[in-house]
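Me: I have a model open and would like to look closely at one small part of it with you. Could you take me through that part and then show me how the rest of the chain is laid out?

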Amino acid sequence: ALVSKGMLAAFVAISTGCFVAIALVLAFIDRRLEARSVIEAQRLRDLNADLEHARREAEAANRAKSAFLATMSHEIRTPMNGVLGMLEVTLRRRIDETMRDHLTLARDSAVNLLTILNDILDYSKLEAGQLQLERLSFSARQVADEVTSMLASSIAQKKIWIDVLVDPDVPAWIVGDPTRFRQIVLNLASNAVKFTESGSIAIRIGYLDGEAPQPGGHGAVLER
(Lines give C-alpha, C1' and ligand atoms only; values in the text may rest on other atoms or scores of the structure.)
Protein backbone atom coordinates (compact mmCIF):
# COMPACT_ATOMS: atom_id res chain seq x y z
CA ALA A 1 0.00 0.00 0.00
CA LEU A 2 2.87 2.33 0.82
CA VAL A 3 4.48 1.60 -2.52
CA SER A 4 1.22 2.20 -4.30
CA LYS A 5 0.76 5.57 -2.58
CA GLY A 6 4.33 6.57 -3.43
CA MET A 7 3.88 5.60 -7.03
CA LEU A 8 0.63 7.53 -7.17
CA ALA A 9 2.29 10.60 -5.68
CA ALA A 10 5.13 10.34 -8.18
CA PHE A 11 2.66 9.98 -11.05
CA VAL A 12 0.74 12.99 -9.85
CA ALA A 13 3.96 14.99 -9.56
CA ILE A 14 5.08 13.96 -13.04
CA SER A 15 1.65 14.71 -14.50
CA THR A 16 1.59 18.10 -12.84
CA GLY A 17 5.04 18.85 -14.22
CA CYS A 18 3.95 17.83 -17.70
CA PHE A 19 0.86 20.03 -17.50
CA VAL A 20 2.98 22.96 -16.31
CA ALA A 21 5.46 22.40 -19.13
CA ILE A 22 2.66 22.18 -21.69
CA ALA A 23 1.10 25.35 -20.29
CA LEU A 24 4.44 27.16 -20.51
CA VAL A 25 4.91 25.99 -24.12
CA LEU A 26 1.40 27.07 -25.05
CA ALA A 27 1.93 30.45 -23.38
CA PHE A 28 5.20 30.87 -25.28
CA ILE A 29 3.52 29.96 -28.58
CA ASP A 30 0.65 32.34 -27.82
CA ARG A 31 3.08 35.18 -27.14
CA ARG A 32 4.96 34.42 -30.35
CA LEU A 33 1.71 34.37 -32.34
CA GLU A 34 0.57 37.59 -30.71
CA ALA A 35 3.89 39.27 -31.48
CA ARG A 36 3.71 38.00 -35.05
CA SER A 37 0.13 39.29 -35.37
CA VAL A 38 1.22 42.70 -34.16
CA ILE A 39 4.08 42.74 -36.68
CA GLU A 40 1.77 41.59 -39.51
CA ALA A 41 -0.86 44.19 -38.60
CA GLN A 42 1.80 46.91 -38.63
CA ARG A 43 3.07 45.66 -41.98
CA LEU A 44 -0.43 45.79 -43.42
CA ARG A 45 -0.92 49.32 -42.08
CA ASP A 46 2.35 50.42 -43.66
CA LEU A 47 1.39 48.75 -46.93
CA ASN A 48 -2.02 50.43 -46.97
CA ALA A 49 -0.37 53.78 -46.23
CA ASP A 50 2.06 53.26 -49.12
CA LEU A 51 -0.79 52.28 -51.46
CA GLU A 52 -2.81 55.34 -50.44
CA HIS A 53 0.21 57.57 -51.01
CA ALA A 54 0.81 56.00 -54.43
CA ARG A 55 -2.88 56.44 -55.34
CA ARG A 56 -2.79 60.12 -54.43
CA GLU A 57 0.40 60.64 -56.42
CA ALA A 58 -1.11 58.85 -59.44
CA GLU A 59 -4.27 60.96 -59.26
CA ALA A 60 -2.19 64.14 -58.98
CA ALA A 61 -0.08 63.09 -61.97
CA ASN A 62 -3.22 62.25 -63.94
CA ARG A 63 -4.73 65.66 -63.18
CA ALA A 64 -1.49 67.35 -64.19
CA LYS A 65 -1.42 65.36 -67.44
CA SER A 66 -5.01 66.26 -68.27
CA ALA A 67 -4.35 69.94 -67.53
CA PHE A 68 -1.22 69.83 -69.71
CA LEU A 69 -3.04 68.19 -72.61
CA ALA A 70 -5.91 70.65 -72.41
CA THR A 71 -3.54 73.64 -72.26
CA MET A 72 -1.27 72.45 -75.06
CA SER A 73 -4.20 71.50 -77.29
CA HIS A 74 -5.72 74.93 -76.81
CA GLU A 75 -2.41 76.72 -77.44
CA ILE A 76 -1.77 74.72 -80.62
CA ARG A 77 -5.34 75.03 -81.93
CA THR A 78 -5.20 78.83 -81.86
CA PRO A 79 -2.42 79.18 -84.49
CA MET A 80 -3.88 76.28 -86.46
CA ASN A 81 -7.16 78.16 -86.78
CA GLY A 82 -5.13 81.15 -88.01
CA VAL A 83 -3.47 78.98 -90.67
CA LEU A 84 -6.83 77.62 -91.77
CA GLY A 85 -8.30 81.10 -91.94
CA MET A 86 -5.49 82.41 -94.17
CA LEU A 87 -5.75 79.36 -96.44
CA GLU A 88 -9.48 79.93 -96.82
CA VAL A 89 -8.89 83.61 -97.65
CA THR A 90 -6.25 82.72 -100.24
CA LEU A 91 -8.49 80.09 -101.84
CA ARG A 92 -11.16 82.76 -102.42
CA ARG A 93 -8.78 84.74 -104.62
CA ARG A 94 -8.16 84.22 -108.32
CA ILE A 95 -5.31 81.72 -108.55
CA ASP A 96 -4.34 79.07 -111.10
CA GLU A 97 -5.66 75.54 -110.71
CA THR A 98 -2.31 74.04 -109.71
CA MET A 99 -1.90 76.51 -106.86
CA ARG A 100 -5.52 75.98 -105.86
CA ASP A 101 -4.99 72.22 -105.68
CA HIS A 102 -1.88 72.70 -103.54
CA LEU A 103 -3.60 75.11 -101.18
CA THR A 104 -6.65 72.88 -100.95
CA LEU A 105 -4.46 69.95 -99.96
CA ALA A 106 -2.70 72.15 -97.38
CA ARG A 107 -6.06 73.25 -95.99
CA ASP A 108 -7.39 69.70 -95.78
CA SER A 109 -4.17 68.54 -94.07
CA ALA A 110 -4.48 71.40 -91.58
CA VAL A 111 -8.07 70.37 -90.89
CA ASN A 112 -6.87 66.81 -90.36
CA LEU A 113 -4.22 67.99 -87.89
CA LEU A 114 -6.79 70.12 -86.12
CA THR A 115 -9.02 67.05 -85.80
CA ILE A 116 -6.16 65.17 -84.11
CA LEU A 117 -5.71 68.07 -81.71
CA ASN A 118 -9.42 67.96 -80.98
CA ASP A 119 -9.08 64.24 -80.21
CA ILE A 120 -6.33 65.03 -77.69
CA LEU A 121 -8.45 67.75 -76.12
CA ASP A 122 -11.48 65.44 -75.98
CA TYR A 123 -9.36 62.79 -74.25
CA SER A 124 -8.32 65.23 -71.56
CA LYS A 125 -11.91 66.40 -71.16
CA LEU A 126 -13.13 62.82 -70.86
CA GLU A 127 -10.66 62.15 -68.07
CA ALA A 128 -11.79 65.31 -66.31
CA GLY A 129 -15.48 64.51 -66.91
CA GLN A 130 -15.99 67.77 -68.82
CA LEU A 131 -16.77 66.55 -72.34
CA GLN A 132 -19.95 68.05 -73.78
CA LEU A 133 -21.50 67.37 -77.18
CA GLU A 134 -22.50 70.29 -79.39
CA ARG A 135 -25.84 70.64 -81.15
CA LEU A 136 -25.21 72.44 -84.41
CA SER A 137 -26.65 72.26 -87.91
CA PHE A 138 -24.25 70.77 -90.45
CA SER A 139 -24.18 68.86 -93.72
CA ALA A 140 -23.25 65.18 -93.39
CA ARG A 141 -22.45 65.01 -97.11
CA GLN A 142 -20.10 67.99 -96.86
CA VAL A 143 -18.28 66.43 -93.90
CA ALA A 144 -17.84 63.15 -95.80
CA ASP A 145 -16.51 65.03 -98.85
CA GLU A 146 -14.06 66.92 -96.64
CA VAL A 147 -12.80 63.65 -95.19
CA THR A 148 -12.35 62.26 -98.70
CA SER A 149 -10.30 65.32 -99.62
CA MET A 150 -8.13 64.87 -96.52
CA LEU A 151 -7.33 61.32 -97.61
CA ALA A 152 -6.77 62.23 -101.26
CA SER A 153 -3.00 61.77 -101.08
CA SER A 154 -3.19 58.33 -99.44
CA ILE A 155 -5.90 57.22 -101.87
CA ALA A 156 -3.85 58.31 -104.88
CA GLN A 157 -0.75 56.48 -103.64
CA LYS A 158 -2.65 53.20 -103.21
CA LYS A 159 -4.63 53.69 -106.44
CA ILE A 160 -8.01 53.15 -104.79
CA TRP A 161 -11.03 55.40 -104.54
CA ILE A 162 -13.76 56.31 -102.09
CA ASP A 163 -17.47 56.49 -102.88
CA VAL A 164 -19.63 58.62 -100.59
CA LEU A 165 -23.24 57.40 -100.50
CA VAL A 166 -25.91 59.38 -98.67
CA ASP A 167 -29.35 57.80 -98.29
CA PRO A 168 -32.17 59.87 -99.80
CA ASP A 169 -34.02 60.06 -96.47
CA VAL A 170 -31.06 61.84 -94.81
CA PRO A 171 -31.79 65.60 -94.82
CA ALA A 172 -29.32 68.01 -96.39
CA TRP A 173 -28.70 69.45 -92.92
CA ILE A 174 -28.73 67.48 -89.68
CA VAL A 175 -28.39 68.57 -86.07
CA GLY A 176 -25.56 67.19 -83.98
CA ASP A 177 -21.88 67.59 -83.17
CA PRO A 178 -20.01 68.18 -86.46
CA THR A 179 -16.57 67.87 -84.87
CA ARG A 180 -17.26 64.39 -83.41
CA PHE A 181 -19.09 63.34 -86.56
CA ARG A 182 -16.02 64.30 -88.61
CA GLN A 183 -13.80 62.39 -86.19
CA ILE A 184 -15.90 59.25 -86.61
CA VAL A 185 -15.95 59.45 -90.40
CA LEU A 186 -12.24 60.24 -90.58
CA ASN A 187 -11.27 57.38 -88.23
CA LEU A 188 -13.37 54.86 -90.17
CA ALA A 189 -12.17 56.07 -93.56
CA SER A 190 -8.52 56.22 -92.45
CA ASN A 191 -8.65 52.64 -91.21
CA ALA A 192 -10.37 51.55 -94.41
CA VAL A 193 -7.66 53.17 -96.53
CA LYS A 194 -4.94 51.66 -94.35
CA PHE A 195 -6.21 48.09 -94.74
CA THR A 196 -7.42 48.30 -98.36
CA GLU A 197 -4.83 47.29 -100.94
CA SER A 198 -7.00 47.53 -104.05
CA GLY A 199 -10.52 48.32 -105.17
CA SER A 200 -12.71 50.92 -103.53
CA ILE A 201 -14.12 52.07 -100.21
CA ALA A 202 -17.74 53.07 -99.66
CA ILE A 203 -18.84 55.46 -96.95
CA ARG A 204 -22.59 55.21 -96.50
CA ILE A 205 -24.48 57.71 -94.39
CA GLY A 206 -27.98 56.78 -93.38
CA TYR A 207 -30.30 55.60 -90.64
CA LEU A 208 -30.00 52.33 -88.81
CA ASP A 209 -32.21 49.53 -90.09
CA GLY A 210 -35.70 49.91 -88.69
CA GLU A 211 -35.07 53.39 -87.37
CA ALA A 212 -37.42 55.99 -88.78
CA PRO A 213 -36.03 59.41 -89.73
CA GLN A 214 -36.65 62.04 -87.07
CA PRO A 215 -37.51 65.71 -87.55
CA GLY A 216 -34.47 67.87 -88.18
CA GLY A 217 -32.34 64.91 -89.25
CA HIS A 218 -31.61 63.61 -85.73
CA GLY A 219 -30.31 60.11 -85.53
CA ALA A 220 -28.27 60.00 -88.72
CA VAL A 221 -25.43 57.49 -88.44
CA LEU A 222 -22.43 56.32 -90.39
CA GLU A 223 -21.80 52.86 -91.77
CA ARG A 224 -18.70 51.67 -93.56
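Which residue's side chain does the side chain of Glu59 join in a polar contact? Please start there and work outwards.

Reply: Happy to. One thing to keep in mind throughout is that this is a predicted model.

The partner of Glu59 is Arg55: a polar contact of 2.7 Å joins their side chains. Glu59 lies in helix α1, which covers residues 2-91. With a relative accessible area of 35%, Glu59 is partly exposed. Arg55 is partly exposed as well, at 39% relative accessibility.

From Arg55 you can step back along the helix to Glu52. The side chains of Arg55 and Glu52 meet in a salt bridge, with N to O at 2.4 Å. The spacing helps to explain the pairing: Arg55 and Glu52 are 3 residues apart in helix α1, so about one helical turn separates them. Glu52 is partly exposed, its relative accessible area being 29%.

Glu52 has another partner too. It forms a salt bridge with Arg56, where the closest N and O atoms are 3.1 Å apart. Here the two residues are 4 apart in helix α1, and again about one helical turn lies between them. Arg56 is exposed, with a relative accessible area of 53%.

Put these pieces together and you have a network of salt bridges linking Glu52, Arg55, Arg56 and Glu59. If you display those four side chains, you can follow the path from Glu59 to Arg55, on to Glu52 and then to Arg56.

Now for the wider setting. The structure holds 10 salt bridges, and one of a rather different kind is worth a look. Glu197 forms a salt bridge with Lys158, the closest N and O atoms being 3.9 Å apart. This pair links distant parts of the chain, 39 residues apart: Glu197 is in the loop between α5 (178-194) and β4 (200-206), while Lys158 is in helix α4 (residues 152-158). Glu197 is exposed, at 61% relative accessible area, whereas Lys158 is partly exposed, at 23%.

Just beyond Lys158 you may want to pause at Lys159. This residue is found in the loop between α4 and β2. Lys159 has a positive phi of about 55° although it is not a glycine. Its relative accessible area of 73% makes Lys159 exposed.

Lys158 also leads us inwards, by way of Val193. Leaving aside neighbours within four places in sequence, Val193 is in contact with Lys158, and also with Leu151, Ser154, Ile155, Ile160, Ile162 and Ile201. Val193 belongs to the largest nonpolar core, a set of 32 residues in which Leu151, Ile162, Phe181 and Val193 have the most contacts. The elements giving two or more residues to this core are α1, α2 (97-128), α3 (140-150), β2 (161-166), α5 and β4. So the helix that carries our network, α1, is also among the contributors to the core. The largest share, 6 residues, comes from α5.

Helix α3 shows how one of these contributors is arranged. Its buried residues are Ala140, Val143, Ala144, Val147, Thr148 and Met150. Seen down the axis of α3, they fall within an arc of 160°, so they line one face of the helix.

Several of those residues meet Arg182, which has its place in helix α5. Not counting residues up to four places away in sequence, Arg182 touches Val143, Val147 and Met150, together with Val111, Thr115 and Glu146. In contrast to the partly exposed Arg55, Arg182 counts as buried, at 17% relative accessibility.

Finally, the whole protein. It comes to 5 helices and 5 strands, and along the sequence they follow the pattern α-α-β-α-α-β-β-α-β-β. Of the 224 residues, 25% are buried. The protein exposes about 15,400 Å², and carbon and sulfur atoms supply 62% of that area. Among contacts between residues at least 6 apart in sequence, 74% join residues at least 24 apart. The pair of Glu197 and Lys158, 39 residues apart, is an example of a link across such a separation. The bridges from Glu52, by contrast, reach residues 3 and 4 places along helix α1.

Key: Residues are numbered from 1 along each chain as its sequence is written. This is a predicted model: local features need pLDDT of at least 70, side-chain atom pairs count only at pLDDT 80 or more; totals for chains, interfaces and linings use all residues. Side-chain values use heavy atoms; hydrogens and water are left out. Buried means under 20% relative accessible area, exposed over 50%, partly exposed in between (1.4 Å probe, protein chains only). Contact means heavy atoms within 4.5 Å. Accessible areas come from the Shrake-Rupley method with a 1.4 Å probe; for residues, only the protein chains shown count as cover. A polar contact is a pair of N or O atoms within 3.5 Å; within protein, one must be able to donate a hydrogen and the other to accept it, and residues adjacent in sequence count only if both atoms are side-chain atoms. A salt bridge is a side-chain nitrogen of Lys or Arg within 4 Å of a carboxyl oxygen of Asp or Glu. A nonpolar core is a set of buried Ala, Val, Leu, Ile, Met, Phe, Trp, Tyr and Cys residues joined through side-chain atoms within 4.5 Å. The arc is that of the directions from the helix axis to the C-beta atoms.
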